[in-house]
Amino acid sequence: MKVHIHSSWEKPLQAAFATPYFQNLVEFVKDAYQKTICYPPGKHIFEAFNTCPLDQLKVVILGQDPYHGSGQAHGLSFSVPEGMAHPPSLINIFKEIESDLDIPYPKSGNLMPWAKQGVFLLNATLTVQAHQAGSHQKKGWEIFTDFVIQTISKEKQGVVFMLWGGYAKQKSKFIDDSKHLILTSGHPSPLSANRGYWFGNKHFSQCNSYLKQHGLKAIDWRVDS
């Protein structure tokens, strides 16, 4: 099965696509989608890659799993399609942006405007069975997305990596911090945020300051047009 992915990613990730683990992963995903309800829809599994080409990538925001509720996941970490209620973590992300940059809380939860500016919204696991969080973990996705993070670190210069929560922070070992900025904090989920590990991290203003220092255009973190 050919993976439909933006051409900018094809060559850098070719080594991963050719491995036995990835072929096994493809078979697992095809079987799972045939036998059960899975998210995101098949055409959106690689949405993060197709909306943020490698040559335009400036920021990485790493999630863990796609949303497992009906209609929520569309291939971008933390994002939901237009018109969907905002999940708790996304609410807290928007609240932090509001306090950090004085941007009003948005109506839309669709983060596509970020992706189009070079924000790579990657989940560590790209698929999930409906209503079963973590159901597609340890099937090979994490090996692949670890390789993706290493590839970005190697191929790019001056990328801002936002690693939220213990799971995401573990990925810092794949990133060369001598040529990239790694921002870490607690996870925006209510459990972490309400304990004081999320709010006030000012990641969004720090990100823009770093980008501007490196001659790159800052991210407009608004999502409502």
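How many helices and how many strands are in the protein chain? Nine helices and six strands. Keep in mind that this is a predicted model.

Let's start with the whole chain. The protein chain has 225 residues, and a compact globule with that many would have a radius of gyration near 17 Å. The chain has 17 Å, so the two agree. Put a box around the C-alpha atoms, along the principal axes, and you get roughly 45 × 35 × 30 Å.

What share of the residues counts as buried? The figure is 54% of the 225. Now the contacts. Take those with a separation of 6 or more in the protein chain: 66% of them join residues 24 or more positions apart.

On to the surface. The accessible surface of the protein chain comes to about 10500 Å². Carbon and sulfur atoms hold 52% of that. Then the charges. There are 22 positive and 18 negative ones, and their mean positions lie 2 Å apart.

Next, two helices. Helix H4 covers residues 88–101. Its 14 residues should span 20 Å, at 1.5 Å a residue. The end C-alpha atoms are 20 Å apart, so H4 agrees with that expectation. Which residues of H4 are buried? They are Ser89, Leu90, Asn92, Ile93, Phe94, Glu96, Ile97 and Asp100. What covers them? The cover includes helix H5 (112–115), strand S5 (160–164), helix H8 (190–193) and helix H9 (203–213). Just after H4 comes Asp102, and its phi is positive, near 60°.

Helix H6 runs over residues 141–155. Do the same check here. At 1.5 Å a residue, its 15 residues should span 21 Å, and the end C-alpha atoms are 21 Å apart, so this agrees too. The buried residues in H6 include Trp141, Phe144, Val148, Ile149 and Ile152. Glu142 and Asp146 are also among the buried ones.

Last, one residue: Ile45. Where is it found? Ile45 is in the loop between strand S1 (38–39) and helix H3 (47–51). Is Ile45 buried or exposed? Buried means under 20% relative accessible area. Ile45 has 11% relative accessibility, so it counts as buried.

What does Ile45 touch, leaving out residues up to four places away in sequence? Val29, Tyr33, Pro40, Leu126, Thr127 and Trp141. Trp141 should sound familiar: it is one of the buried residues of H6. Compare Ile143. From Ile45 to Ile143 is 98 residues in sequence, and 16 Å in space, C-alpha to C-alpha.

That's the tour.

Note on methods:
Residues are numbered from 1 along each chain as its sequence is written. This is a predicted model: local features need pLDDT of at least 70, side-chain atom pairs count only at pLDDT 80 or more; totals for chains, interfaces and linings use all residues. Side-chain values use heavy atoms; hydrogens and water are left out. Helices (H or I, at least four residues) and strands (E, at least two) are DSSP runs, numbered from the N terminus. The radius of gyration is taken over C-alpha atoms; the globule rule is 2.2 Å times the number of residues to the power 0.38. Buried means under 20% relative accessible area, exposed over 50%, partly exposed in between (1.4 Å probe, protein chains only). Contact means heavy atoms within 4.5 Å. Accessible areas come from the Shrake-Rupley method with a 1.4 Å probe; for residues, only the protein chains shown count as cover. Lys and Arg count as positive and Asp and Glu as negative; His and the chain ends are not counted. The place of a charge is taken as NZ of Lys, CZ of Arg, CG of Asp or CD of Glu. The expected span of a helix is 1.5 Å times one less than its number of residues.
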